[in-house]
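Biologist: I have a structure open on my screen and would like to learn how to read it. Could you walk me through it, one feature at a time?

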Amino acid sequence: TEERNSLFARRRQYWRTTPYLTISRALADRWKLQGSYQFDTLQFVNQRDQGNDYLQQNLGATLFYRFWPKTAVLVEYIFTYRDYPNSSSGNNYTHSPLLGLTWSPTAKLSGTLKAGYTFKIYETNLENRNNNPENWILSAELLYRLSNYTNVTLNAQRSFQEDIDFGNTGYRSTGVWVTLNHDWHFFKVSSYATFFYINNEYLSSTLTPSGDFDTRVDNIIGTGVGLTRPITKWLKARIDYNYVNRHSNFFGFGYNDHRLLFGVLTSF
């Protein structure tokens, strides 16, 4: 169920389905080819919300070349098509070529870095909308192991996203996440502490709550901590606390969010 937000004062129930498939094949001692497909669909239960339903398909191909024992360069291409069955003006597709590097030079350090460009094209041209936005994109995942029980991860991402609640409007999202993970092996407890910053810059000017046209920009800062402990061989209990501060140049879209979460995880 989608929580209440700045645009909807009610909770909205939906179904989300995201099957995916990844296939890799080593072509030679140094070459590897990987292909992927993901089907992603969002369907709201209430008919008055179904204008935001969408169906998205992602196709990707990545070619790796290992030039050192634990280091490889990669070339990647991603094609995405998003269809809004009840609001076709938002239908769009993107082409995203990327170059990158994946490495694990030591037992302590590993990561993947990819950078490229995205070309986004809307099938319908609308006034006051950037119908052919394009910009550079980035994906970085770094892991540093401080010890056998402690590690630090750094994630950075710049990408195009879609806001289905804000008129199926696209925006550029740039974010950084830093997380410290530690296993308290004596107590059989895993813990984390995280901090993140996200900037969302919308692509098109829209009508503000005050009646003017402007481009929406959101800045989001958040922190979180959590604990996980096994109950049985296949069951874990967890507790998390997250705080998010959202600032927006559009009145009514800024807020503070406190979340205390209890959960049970299973894997087998």
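Modeller: Gladly! Let us begin with a word we will need often: two residues are in contact when heavy atoms of theirs lie within 4.5 Å. Take Thr118: leaving aside neighbours within four places in sequence, Thr118 is in contact with Thr94, His95, Ser96, Pro133, Glu134, Asn135, Ile137 and Phe160. Please keep in mind that this is a predicted model.

Biologist: Thanks. Before we go into Thr118, how many helices and strands does the protein have?

Modeller: There are zero helices and 14 strands. Reading along the sequence, you meet the pattern β-β-β-β-β-β-β-β-β-β-β-β-β-β. The C-alpha atoms fill a box of roughly 55 × 45 × 30 Å along the principal axes.

Biologist: And what share of the contacts joins residues at least 24 apart?

Modeller: Among contacts between residues at least 6 apart in sequence, that share is 48%.

Biologist: Now the surface. How much area does the protein expose, and what percentage of the residues is buried?

Modeller: The exposed area is about 16,500 Å², and carbon and sulfur atoms supply 58% of it. Of the 268 residues, 33% are buried. As for charges, the mean positions of the 27 positive and 22 negative ones are 12 Å apart.

Biologist: Back to Thr118, then. Is Thr118 buried or exposed?

Modeller: The idea is to look at relative accessible area, where buried means under 20%. Thr118 has 5% relative accessibility, so Thr118 counts as buried. You will find Thr118 in strand β7, which covers residues 109-122. The side chain of Thr118 also has a polar contact of 2.8 Å with the side chain of Ser96.

Biologist: Lys120 is in strand β7 too. Why does Lys120 count as buried or exposed?

Modeller: Lys120 is buried because its relative accessible area is 5%. The side chain of Lys120 makes a polar contact of 3.1 Å with the side chain of Asn92. Beyond neighbours within four places in sequence, Lys120 is in contact with several residues, including Tyr93, Asn131, Phe160 and Glu162.

Biologist: Next, aromatic rings. How should I describe a pair of them?

Modeller: A pair of aromatic rings is described by the distance of the centres and the angle of the planes. A search of the whole structure here finds twelve aromatic pairs. In one of them, Tyr171 and Tyr202 have ring centres 5.0 Å apart and planes at 35°, so the pair is tilted. Tyr171 lies in strand β10 (residues 169-184) and Tyr202 in strand β11 (residues 189-207), so the pair ties together parts that are 31 residues apart in sequence. Both tyrosines, Tyr171 and Tyr202, are buried.

Biologist: What kind of pair do Phe250 and Phe253 form?

Modeller: With ring centres 6.3 Å apart and planes at 65°, Phe250 and Phe253 make an edge-to-face pair. Phe250 and Phe253 are both buried. Ring pairs also link Phe166, Tyr171, Tyr202, Phe250 and Phe253 into a cluster.

Biologist: Which residues does Asn200, in strand β11, touch?

Modeller: Not counting residues up to four places away in sequence, Asn200 touches Tyr171, Arg172, Ser173, Arg216, Val217, Asp218 and Ile220. With Ser173 there is a side-chain polar contact of 2.9 Å. Asn200 has a relative accessible area of 6%, so Asn200 is buried. For a comparison of sequence and space, Asn200 and Phe160 are 40 residues apart along the chain, and their C-alpha atoms are separated by 9.4 Å.

Biologist: How far apart in sequence and in space are Thr150 and Asn91?

Modeller: They are 59 residues apart in sequence and 44 Å apart in space, C-alpha to C-alpha. Thr150 sits in strand β9 (residues 150-163). Its relative accessible area is 13%, so Thr150 is buried. Outside four places in sequence, Thr150 is in contact with Arg145, Leu180, Asn181 and His182.

Biologist: One last topic: backbone angles. What should I look for?

Modeller: Most residues other than glycine have a negative phi. Lys188 has a positive phi, near 60°. Lys188 is in the loop between β10 and β11. At 58% relative accessibility, Lys188 counts as exposed.

Definitions and conventions. Residues numbered from 1 in each chain as written. Predicted model: local features only at pLDDT ≥ 70, side-chain atom pairs only at ≥ 80, totals over all residues. Heavy atoms only, no water. Helix = DSSP H or I, 4+ residues; strand = E, 2+ residues; numbered from the N terminus. Buried < 20%, exposed > 50% of the residue type's maximum accessible area, 1.4 Å probe, protein only. Areas by Shrake-Rupley, 256 points an atom, 1.4 Å probe, with all protein chains shown as cover. Lys, Arg positive; Asp, Glu negative; His and termini not counted. Charge placed at Lys NZ, Arg CZ, Asp CG, Glu CD. Polar contact = N/O pair within 3.5 Å; in protein donor to acceptor, adjacent residues only side chain to side chain. Phe/Tyr/Trp six-rings, centres within 6.5 Å; stacked < 30°, edge-to-face > 60°.
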